[in-house]
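Visitor: I have just opened this structure and would like a friendly tour. Could you walk me through it?

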Amino acid sequence: MKTAVIALLLILSLATNALLWQRVSRLEAATTSATPADFPLGENMGYLQRCADKIWFAAQAGNWPLARYYHDEMAETADDVIHAKLIKEGAPVSANMSAMLPPALVGIDQAIAARDLPSFRSHYTGLIQACNACHAASRHSFIHIAEPTHTSDFWNQQFSPQP
Ligand code: HEC
């Protein structure tokens with residue numbers, strides 16, 4: 001009887017081990033097969049575009065915590081692109097990102113901290129120039145970003161600080 005119980009426990013623990021081993025190797029395969037080629041650069045760029053647009057309206061509306069939020073999202077997105085170590089069509093995309101976007105975000109960061117709209121506006125021009133300079137350096141000069149000329153009604157979001 002005792003031996004049967006021990007044998008059963010042994011079988012159970014072996015079966016659990018086998019299941020765990022299977023799961024670990026599946027996870028390993030999933031993480032090691034992610035190559036720079038899988039990095040969704042276009043989607044990240046779409047997100048940068050959205051944040052670059054919204055930060056403008058947040059600052060115009062004097063909603064500095066919201067502006068800070070979009071600044072941080074852009075900084076994190078830049079970090080993700082940098083860590084993906086991308087070289088696309090011969091262009092060192094991650095190296096270009098590292099050289100161009102974080103430096104352009106420094107002035108924006110300071111303007112937000114100081115709640116200084118004129119300073120924000122001048123650094124915003126620098127930010128858009130950095131987007132386009134990097135597109136040119138990364139074989140995508142045909143993607144040209146501009147400062148927003150539309151109104152915030154375009155978005156289903158209120159940018160002004162809520163009472
Ligand atoms: C590495 C330098 C680099 C920087 C900095 C950069 N981009 Fe890009 N961007 C690219 C590359 C490369 C592509 C092409 C992506 C692809 O085809 O996978 C791209 C594509 C795009 C696209 C096309 C994707 C779409 O959804 O229409 C937009 C929009 C865009 N970038 C916006 C921006 C904005 C806004 C900024 C600045 C806040 C910016 N980018 C900064 C390199 C950069």
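**A short tour of the chain**

Guide: Let us begin close to the end of H5: the segment after that helix holds Arg 139. Please keep in mind that the model is predicted.

Visitor: Does Arg 139 count as buried or exposed?

Guide: A residue is exposed if 12 or fewer other C-beta atoms lie within 10 Å of its own. Arg 139 has 12 C-beta neighbours inside 10 Å, so this residue counts as exposed.

Visitor: What is the phi of Arg 139?

Guide: Most residues other than glycine have a negative phi. Arg 139 is a residue other than glycine, yet its phi is positive, near 60 degrees.

Visitor: Which residue just after H4 takes a positive phi?

Guide: Look in the loop between H4 and H5. The residue there is not a glycine, although its phi is positive, about 50 degrees. With 12 C-beta neighbours inside 10 Å, it counts as exposed. Its name is Arg 115.

Visitor: Let us step back. What pattern does the chain follow along the sequence?

Guide: The chain has five helices and zero strands. Read along the sequence, that gives the pattern α-α-α-α-α.

Visitor: How do H4 and H5 run relative to each other, roughly parallel or roughly antiparallel?

Guide: Helix H4 covers residues 93–114 and helix H5 covers residues 117–137; their axes lie 9 Å apart and the packing angle is about 170 degrees. Angles over 145 degrees count as roughly antiparallel. Therefore H4 is, relative to H5, roughly antiparallel.

Visitor: How many charged residues are in the contact of H4 with H5?

Guide: On the H4 side, the residues include Met 97, Leu 101 and Ile 108, and on the H5 side they include Phe 120, Leu 127 and Ala 130. By class, the contact has 16 nonpolar residues and five polar ones, and the number of charged residues is no more than none: no charged.

Visitor: How far apart are the end C-alpha atoms of H4?

Guide: H4 has 22 residues, and at 1.5 Å a residue the helix should span 32 Å. The model agrees with that, because the end C-alpha atoms of H4 are separated by 32 Å.

Visitor: What covers the buried residues of H4?

Guide: Among the buried residues of H4 are Val 93, Met 100, Ala 104 and Ile 112. Their cover includes helix H3 (64–83), along with H2 and H5.

Visitor: Which helix gives the most to the shell around the ligand?

Guide: The ligand is surrounded by 22 residues, and the closest are Leu 41, Met 45, Gly 46, Cys 131 and Cys 134. Helix H2 (41–60), H4 and H5 each supply at least two residues of this shell. The top contributor, with seven residues, is H2.

Visitor: How many nonpolar residues does the shell around the ligand have?

Guide: The shell divides by class, with one charged residue and seven polar ones. The nonpolar residues number 14.

Visitor: How does Gln 129 count in terms of exposure?

Guide: Gln 129 is found in helix H5. A residue is buried with 20 or more other C-beta atoms within 10 Å and exposed with 12 or fewer. Gln 129 has 13 such neighbours, so it counts as partly exposed.

Visitor: What distance separates the C-alpha atoms of Gln 129 and Ile 145?

Guide: Along the chain, Gln 129 and Ile 145 are 16 residues apart. In space, their C-alpha atoms are separated by 8.2 Å.

Methods. Residues are numbered from 1 along each chain as its sequence is written. This is a predicted model: local features need pLDDT of at least 70, side-chain atom pairs count only at pLDDT 80 or more; totals for chains, interfaces and linings use all residues. Axes are lines fitted to C-alpha atoms, for helices over the stretch in contact, and angles run from 0 to 180 degrees between N-to-C directions. Helices (H or I, at least four residues) and strands (E, at least two) are DSSP runs, numbered from the N terminus. Angles under 35 degrees count as roughly parallel, over 145 as roughly antiparallel, 65 to 115 as roughly perpendicular and the rest as oblique. Two residues are in contact if their C-beta atoms, placed from the backbone, lie within 7 Å. Ala, Val, Leu, Ile, Met, Phe, Trp, Tyr, Cys and Pro count as nonpolar, Asp, Glu, Lys and Arg as charged, and the others, Gly among them, as polar. A residue is near a molecule or strand if its C-beta atom, placed from the backbone, lies within 6 Å of it. The expected span of a helix is 1.5 Å times one less than its number of residues.
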